[in-house]
Amino acid sequence: MARQDKAAEKDTTAEIADNHSNNRSNGEVKSRVYHALQYLSRFAVWVYFRHIKVITRAPISPAGPLLVAVNHMNMVLDPAVLIATFPQARPCHFWALARFFKIPLVGQVLHAAGVLPVNINTPSNAQLFEHTLKCLGQGGVIALFPEGTSYTLPHHLPFKDGMSWAAFEFLSQRPDAVLHVIPVGITYTTKNKWRSDVVVEYGEPILVTPQDLSNFQINPKPAVKQLTARIAAGVERGTINSPDWDTLYAATEARTVLFGNTIPLEDYVRISQSLIELFRSAKEGEEYSPLKSRLLTFHKTLKLLRLSAQDISMFENNEITLSHVVSRFMSTWIKLIFSIPLFLPGIIINSPIYLSGRLADRYEPYTESVAQSKLVVSVISGLPLYMTLCYQVWKYLDFTLTGFLTALLLIPLLAWYHMALVDKRYDMLKQFLAAWRICVAVASGTIGFMDAAPRHELEDAVQLQRWCRQHLVTFLREKADEGEPNAKYLTGLL
């Protein structure tokens with residue numbers, strides 16, 4: 001009998017050891033997969049964006065459970081940006097429907113990447129958030145998009161209550177704990193354009209306390225709605241939200257007219273939102289509603305001319321003459337020509353990637369999905385392209401070990417060199433195209449057999465820009481004198 005007990009004890013000990021070994025092995029696999037995901041996300045962010053500005057309003061703990069609420073303007077790039085920039089590189093766990101985990105291979109990949117299954121077919125919150133609560137209990141980070149879907153709108157969508165329910169379910173198991181919810185705002189300057197900029201703001205943590213839990217236990221639904229409203233307000237503070245497209249367009253043109261394209265990224269969101277708040281109150285019939293109306297006319301005129309406010313800013317204090325615009329066109333053309341020898345090889349080599357990205361931009365119907373489509377087709381076209389280049393270099397060096405190592409080193413250097421040059425040359429190309437369009441517009445009003453409408457539109461745009469700048473400055477100073485905080489902030493930057 002004693003022998004049987006000892007044998008059973010040995011079996012139990014071996015089973016515990018096996019389980020511990022399996023758990024450790026699974027954890028190591030998850031860690032490796034997530035590290036690979038981090039590197040991939042950082043690479044995608046580096047390739048797609050010219051500048052990325054990360055703002056952290058308060059220190060974020062390197063350990064302990066966290067809920068992270070993020071706005072969702074871009075389908076796949078939002079998680080990639082979050083993974084690439086999260087403080088202390090802490091792993092972020094996202095939600096996915098439980099049924100996806102039943103798909104062969106897909107479920108294994110999701111599990112290895114730390115994605116958590118959510119079963120929406122159960123009435124029990126404990127079962128609904130089973131894996132979420134387990135992850136939080138282990139000190140994990142749960143990153144969610146409370147709007148539920150990506151979108152292209154001038155403001156965020158209504159926040160759903162799932163995160164708030166999860167927070168209270170977790171605190172119900174730990175009634176003396178305080179749970180931190182980190183609001184995160186991701187703002188893209190032009191989310192569907194390659195080599196644009198992005199601002200990521202990690203806001204002040206929202207504390208869910210035992211007192212909040214007591215209110216939840218007394219009356220759950222109002223407590224959940226109140227927490228959701230606090231989370232939404234936190235995310236709003238780090239994002240740009242406008243009541244409608246017209247207000248957003250007016251604020252965008254006002255920002256460019258006042259500050260050009262040189263404002264620091266750390267001020268981009270606040271400047272934009274301050275102008276939106278000022279124009280939000282400029283209703284029809286009020287004293288300054290004509291300013292908003294003129295800015296919208298300015299926006300439409302520039303769109304018709306395919307120019308920006310920065311492109312025509314040089315004419316605010318100078319007369320528009322054919323000799324002037326031809327001189328500008330020639331100078332931009334010469335600069336571009338002299339830069340081509342350094343840049344052309346990279347353009348030729350990477351042309352399949354640019355063409356595939358262009359096609360993705362053209363045929364993707366949803367603006368919030370353009371970036372992911374560009375990245376996917378770029379990887380699909382770029383991977384075989386650079387593998388072929390690597391092979392050709394190795395072949396040229398007679399398939400030697402030295403040739404193989406040279407190819408492995410040379411190809412990444414070529415990609416880095418191209419990325420280092422692309423931004424400045426891309427700006428030069430845009431300046432050249434703008435100078436050409438202005439030249440054609442001015443020539444159309446000078447040469448008799450051409451349509452003079454483009455020149456008139458250009459002159460109207462310059463006059464509108466001059467008028468808008470003068471009245472914007474007056475408007476801001478008057479509002480600042482009245483004590484309006486947004487106007488005081490903007491006036492201090494002028």
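**Exercises on loops, a helix face and paired strands**

Arg306 lies in the loop that runs between helix H11 (289-305) and helix H12 (309-312), where helices (H or I, at least four residues) and strands (E, at least two) are DSSP runs numbered from the N terminus. The model is a predicted one, in which local features need pLDDT of at least 70 and side-chain atom pairs count only at pLDDT 80 or more, whereas totals for chains, interfaces and linings use all residues. Residues are numbered from 1 along each chain as its sequence is written, and side-chain values use heavy atoms, with hydrogens and water left out.

**Exercise 1.** Determine the sign of phi at Arg306 and decide whether Arg306 is buried or exposed.

*Solution.* Begin with the backbone: phi of Arg306 is near 60°, a positive value in a residue other than glycine. Then turn to the accessibility, for which buried means under 20% relative accessible area, exposed over 50%, and partly exposed in between (1.4 Å probe, protein chains only). Arg306 has a relative accessible area of 56%, so it is exposed.

**Exercise 2.** Carry out the corresponding analysis for Ala89, stating its phi, its place in the chain and its accessibility class.

*Solution.* Ala89 is not a glycine, yet its phi is positive, at about 55°. Its position is in the loop between helix H2 (77-85) and E3. With a relative accessibility of 31%, Ala89 counts as partly exposed.

**Exercise 3.** Identify which residues of helix H5 (residues 130-137) are buried, explain why they line one face of the helix, and list the elements against which they pack.

*Solution.* The buried residues of H5 are Thr132, Leu133, Cys135 and Leu136. Viewed down the helix axis, the buried residues of H5 fall within an arc of 160°, and therefore they line one face of the helix; the arc is that of the directions from the helix axis to the C-beta atoms. As background, an α-helix has 3.6 residues a turn, so residues three or four places apart point the same way. Next comes the packing, with contact meaning heavy atoms within 4.5 Å: the buried residues of H5 pack against E2, E3, strand E4 (95-97), strand E5 (116-118), E6 and helix H6 (162-173). Just after H5, Gly139 takes a positive phi of about 85°.

**Exercise 4.** Describe how strand E6 (residues 141-144) is covered, and establish how many bridges join E6 to E2 and to E3.

*Solution.* Both faces of E6 are covered, since the buried residues include Val141 and Ala143 on one side and Ile142 and Leu144 on the other. For the pairing, the criterion is that DSSP finds at least two bridges between two strands. Strand E2 (residues 66-70) runs parallel to E6 and is joined to it by four bridges, with Leu66 standing opposite Val141. Strand E3 (residues 92-93) also runs parallel to E6, to which two bridges join it, and here Cys92 has Val141 as its bridge partner.

**Exercise 5.** State how many residues of strand E7 (residues 179-188) are buried, and work out in which sense E7 pairs with E2, E8 and E9.

*Solution.* E7 is mostly covered, with nine of its 10 residues buried. Taking the partners in turn, E2 and E7 run parallel and are joined by five bridges, and Val70 stands opposite Val184 in E7. Strand E8 (residues 196-202) pairs with E7 in the antiparallel sense over five bridges, and the partner of Gly185 in E8 is Glu201. Strand E9 (residues 206-208) is likewise antiparallel to E7, with three bridges between them, and His180 stands opposite Leu207 in E9.

**Exercise 6.** Locate Leu157, decide whether it is buried or exposed, and name the residues that it touches.

*Solution.* Leu157 is found in the loop between E6 and H6. At 19% relative accessibility, Leu157 counts as buried. If residues up to four places away in sequence are not counted, Leu157 touches Glu147, Thr149 and Tyr151.

**Exercise 7.** Place these elements within the protein chain by giving its numbers of helices and strands, its share of buried residues and the extent of its C-alpha atoms.

*Solution.* The protein chain has 17 helices and nine strands. Of its 494 residues, 44% are buried. Along the principal axes, the C-alpha atoms fill a box of roughly 110 × 75 × 35 Å. Finally, among contacts between residues at least 6 apart in sequence, 73% join residues at least 24 apart.
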